[in-house]
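Colleague: I am new to this structure and would like to understand the terms used to describe it. May we look at it together?

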Amino acid sequence: MIINHPLLGPRDSAEFTYLGDARLIDRPDWQSQTAARDFYEYGYLRENPAGWHEELWFHEAGDRSWLVVTRNTVTHEISKVEMARDVARKRGRST
Amino acid sequence: MHDLVKQTALGGTEPRVDKYDHITISENDGLSLASVAARRGKEADCHKLLKKLLGAVPGPGRAQLHDPEAGFWMGPEQWMIGAPSESHEDLAERLKGLLGDAASVTEQTGAWVCFDVIGPAMQDMCERLCSVPIRQMQAGDAQRTVIHHLGCFVIRRTAADHIRILGPRASAGSLHHALVATAQALDTGSYGSDAPA
């Protein structure tokens with residue numbers, strides 16, 4: 001499997017480690033009334049789709065950037081690779 | 001006063017050199033290093049100051065080979081700057097003086113070991129060690145990769161048969177073993193003057 005790194009170009013997936021669902025970016029507000037419930041869901045509940053899935057990958061044997069990879073879990077086709085930093089900032093985090 | 005003797009990363013008093021017919025592996029003990037990370041919102045200031053220092057700001061996968069200070073890209077808005085330790089032992093302090101609040105600077109000299117690998121077998125050796133596309137790389141290309149499970153930087157220098165490898169200093173002995181074992185595993189005979197390039 002080849003991951004097309006947005007900065008460094010196509011790289012073998014062996015250079016990366018996989019973290020999982022990219023919704024880990026959406027860390028809940030700890031001051032919310034429903035924080036306990038929100039963090040339980042954030043920590044434990046995951047979709048397990050047969051199809052398109054947004055995932056976090058870490059370029060451990062490369063520039064050590066975090067990526068959001070949109071991958072089809074059935075075919076391993078990759079449709080989009082973005083810097084996790086850019087995705088997080090678009091969602092109002094880390095600004 | 002303490003009477004302290006300076007040791008190289010491999011523990012010797014002089015940098016180690018392993019010389020073979022087809023490759024020379026030299027420990028480079030004369031390099032001061034410091035990392036620079038642009039602070040949020042100050043990226044443009046940081047770029048301007050780095051350009052003043054190096055002549056250009058190296059982009060992804062690139063190094064700016066420049067004297068006395070040189071630098072290479074490590075990640076988004078992050079660079080490693082190197083200079084001769086003889087003249088720049090206080091490199092991190094100098095960079096902090098230059099960059100001010102545009103960037104965070106961290107002393108890196110004591111964190112890395114540097115090897116210069118030079119010789120006609122350099123490309124073959126590099127291919128056995130790591131997955132960087134050495135034959136496509138130009139002078140000034142710099143990649144982070146893994147050599148025997150150690151995160152290393154591989155920088156292609158101006159001379160066509162020269163790469164510089166930076167690896168974790170605490171594992172200098174392991175990295176040196178990897179380089180020497182690979183050099184010995186290559187067939188010396190195929191690098192004669194009439195061998196194909």
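Modeller: Let us begin with a definition: a residue is buried if 20 or more other C-beta atoms lie within 10 Å of its own, exposed if 12 or fewer, and partly exposed in between, with C-beta atoms placed from the backbone. By that count, buried residues make up 38% of the 197 residues in chain B. This is a predicted model, in which local features need pLDDT of at least 70 and side-chain atom pairs count only at pLDDT 80 or more, while totals for chains, interfaces and linings use all residues. Residues are numbered from 1 along each chain as its sequence is written, and chains are lettered from A and ligands numbered from 1 in the order in which they are written.

Colleague: Why is chain B called as compact as a globular protein of its length?

Modeller: The globule rule is 2.2 Å times the number of residues to the power 0.38, and the radius of gyration is taken over C-alpha atoms. For 197 residues the rule gives 16 Å, and chain B has 18 Å, which is close to that value, so the description applies. Along its principal axes, the C-alpha trace of chain B spans about 55 × 50 × 30 Å.

Colleague: How many helices and strands does chain B have?

Modeller: Chain B has 5 helices and 11 strands. Helices (H or I, at least four residues) and strands (E, at least two) are DSSP runs, numbered from the N terminus.

Colleague: What makes S9(B) and S10(B) a pair?

Modeller: Two strands pair if DSSP finds at least two bridges between them. S9(B) and S10(B) are joined by 6 bridges and run antiparallel, so they meet the definition. One of the partnerships sets Ala142(B) against Ile155(B) in S10(B).

Colleague: Which sheet of chain B contains these strands, and which strands are at its edges?

Modeller: The open sheet has 6 strands in the order S1-S2-S8-S11-S10-S9 (chain B), with antiparallel pairing. Strand S1 (17–19) and S9 of chain B are called edge strands because each pairs on one side only. Direction ignored, neighbouring strands of this sheet are turned by 20° against each other on average. Helix H5 (residues 172–185) of chain B packs on the sheet, and its direction makes about 15° with that of S8(B). Such angles run from 0 to 180 degrees between N-to-C directions, the axes being lines fitted to C-alpha atoms, for helices over the stretch in contact.

Colleague: How do you know where the domains of chain B begin and end?

Modeller: The bounds come from an automatic or database domain assignment. For chain B this assignment gives domain 1 (17–29 + 111–184) and domain 2 (32–109). Their C-alpha centres lie 23 Å apart. The contact takes 11 residues from domain 1 of chain B and 9 residues from domain 2 of chain B; two residues are in contact if their C-beta atoms, placed from the backbone, lie within 7 Å. On the side of domain 1 of chain B that touches domain 2 of chain B, S9(B) gives the most, with 3 residues.

Colleague: How many residues of chain A and chain B are in contact?

Modeller: There are 10 residues of chain A in contact with 9 residues of chain B. The chain A side divides into 4 nonpolar, 2 polar and 4 charged. Here Ala, Val, Leu, Ile, Met, Phe, Trp, Tyr, Cys and Pro count as nonpolar, Asp, Glu, Lys and Arg as charged, and the others, Gly among them, as polar.
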